[in-house]
Amino acid sequence: MRAALQSEIGQDKLEVVDDMQAVGFGPGKVRIRIRATGLCHSDLSAMSGVLPQPAPFVPGHEGSGVITDVGDGVTGHAVGDRVLVCWLPPCGHCPSCRRGQGHLCLEAFGNVATPNFKRGDGDVFGFAGTGTFSEEMVVPAACAVPIPDDLPFDIAALIGCGVTTGLGAAVNTAEVQAGSSVAVIGCGGVGISVIQGAKVQGAAQIIAVDPVESRREAALRFGATEAVSPEEFADAKNRITAGEGFDYVFEVVGTSATAQKAYEMTRRGGSVVVVGAGALDDNFQVNMFSLFFDEKKILPSMYGGGDVLRSYERTIALWRAGRIDLANLITHRVSLAEVNDALDQMRTGVALRTCIEL
Ligand SMILES: [Zn+2]
Ligand SMILES: [Zn+2]
């Protein structure tokens, strides 16, 4: 079957091959025929080595498809079920899950170090234990979350990572208060989802900050009340918050520089919400006096910062009610053969989300 392959960390192009095999099917597993996958910024970060990932590997962790095989002992799944791929499924019984923090469950994280594919005799890993840039994938049943019939595959794929991450940061992690002021640094698919989450929560001002003009325009269409370039951010803060700083600043880039900027633009007692996935050697610094005296809350938000399955359900309910727009998050569509175009669209910032249809 066909898949996009990254042979070595650091290569900036993927090779589309047609001799990949999805391996590991057996008890507790399901086989999925992937139908749609989004390109998330984390895929690029894994390719470049910013995020740790063994190679060779098949990128992609935001996908959806149809179950074609069900392993022994799997209950609640049947052949023909439409599903989205959850790259970090809560196990339900570890200490994190018992505390209601299923998004911190590490039970399935072992999948990362288990090859999901084979090409010839060689093992091939799947990014984040999945690897959705492939026609077929074998995953633990918990990674396949059934979706309702009215949810299209392309939108379902996005709910598997980017949308859940952004919406959850605003709703679960920050618990944005009605009437508050919000700034969002980085307005790709995840940042736009933060903006939609802040809007759903009733924020009065939502300022989008991004160097790319098309993204600023998009942010306004999705609910930002104003969109500025990074150079205009400080002026906007002074004008909108009378110099005090925003109630919430979301960092959706994943660098210490933007996190530091977010900290600076947050009012005393406000919340800095870190959504971007950054590198192991990139350190965020804050001096001890400010940390104490300014009482700014630093709130990291991983995968939506809450019960992942509950987050999916909420997203689907909001989408169905027309309260959030997910269809227009997909600005580009390509086939798997054109996967490198998708990478370029993400790198240059022209795409909010590119959907790869399989
Ligand atoms: Zn768990
Ligand atoms: Zn992602």
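**Exercise 1. Which residue just after α4 takes a positive phi?**

Before you open the torsion list, keep in mind that this is a predicted model.

*Solution.* Start with the helix itself: α4 covers residues 162-173. Now step just past α4 and you land on Glu175, whose phi is positive at about 45 degrees. While you're there, check how covered the helix is: 11 of its 12 residues are buried. Among them are Val163, Leu167 and Val171.

**Exercise 2. Work out what holds the zinc ion (ligand 2), and which parts of the chain it brings together.**

*Solution.* Step one, list the donors: Cys40 (SG), His61 (NE2) and Cys161 (SG) coordinate this zinc ion, at 2.1 to 2.2 Å. Step two, put them on the chain, where the spacing reads C-x20-H-x99-C. Step three, place two of them: His61 sits in the loop between β5 and β6 (63-70), while Cys161 sits in the loop between α3 (153-159) and α4, so this pair ties together parts 100 residues apart in sequence. Step four, check exposure. The cut-off for buried is under 20% relative accessible area. His61 is at 2%, so it counts as buried, and Cys161 at 5% is buried too.

**Exercise 3. Assign a geometry to the site of the zinc ion (ligand 1).**

*Solution.* Grab the donors first: Cys91, Cys94, Cys97 and Cys105 each offer SG, at 2.3 to 2.4 Å. Along the chain they're spaced C-x2-C-x2-C-x7-C. Next, the angles among the four donor atoms run from 105 to 115 degrees. Four donors count as tetrahedral if all angles lie between 85 and 135 degrees, and this site is indeed tetrahedral. For exposure, Cys91 is partly exposed with a relative accessible area of 24%, whereas Cys97 is buried at 14%.

**Exercise 4. Lay out the open sheet of four strands and find its edges.**

*Solution.* Write down the order, β3-β8-β9-β5, and note that the pairing is mixed. The edge strands are β3 (20-22) and β5 (57-58), each pairing on one side only. Then zoom in on β3 and β8 (residues 117-119): they run antiparallel and are joined by three bridges. One place to look is Met20, which stands opposite Arg119 in β8.

**Exercise 5. Describe how α7 and α8 pack.**

*Solution.* Take α7 (residues 233-241) and α8 (residues 256-265): the angle is about 20 degrees and the axes are 11 Å apart. Angles under 35 degrees count as roughly parallel, so that's the label for α7 and α8. Last step, handedness: α7 passes α8 in a right-handed crossing.

Definitions and conventions:
Residues are numbered from 1 along each chain as its sequence is written. Chains are lettered from A and ligands numbered from 1 in the order in which they are written. This is a predicted model: local features need pLDDT of at least 70, side-chain atom pairs count only at pLDDT 80 or more; totals for chains, interfaces and linings use all residues. Side-chain values use heavy atoms; hydrogens and water are left out. Donors are N, O and S atoms within 2.8 Å of the metal (3.2 Å for Na, K and Ca); water is not among the atoms, so sites may look incomplete. Four donors count as tetrahedral if all angles lie between 85 and 135 degrees; four count as square planar and six as octahedral if opposite donors are over 155 degrees apart and all others between 65 and 115; anything else is irregular. Buried means under 20% relative accessible area, exposed over 50%, partly exposed in between (1.4 Å probe, protein chains only). Two strands pair if DSSP finds at least two bridges between them. Helices (H or I, at least four residues) and strands (E, at least two) are DSSP runs, numbered from the N terminus. Axes are lines fitted to C-alpha atoms, for helices over the stretch in contact, and angles run from 0 to 180 degrees between N-to-C directions. Angles under 35 degrees count as roughly parallel, over 145 as roughly antiparallel, 65 to 115 as roughly perpendicular and the rest as oblique. A crossing is left-handed if the near helix is turned anticlockwise from the far one by less than a right angle, and right-handed if clockwise.
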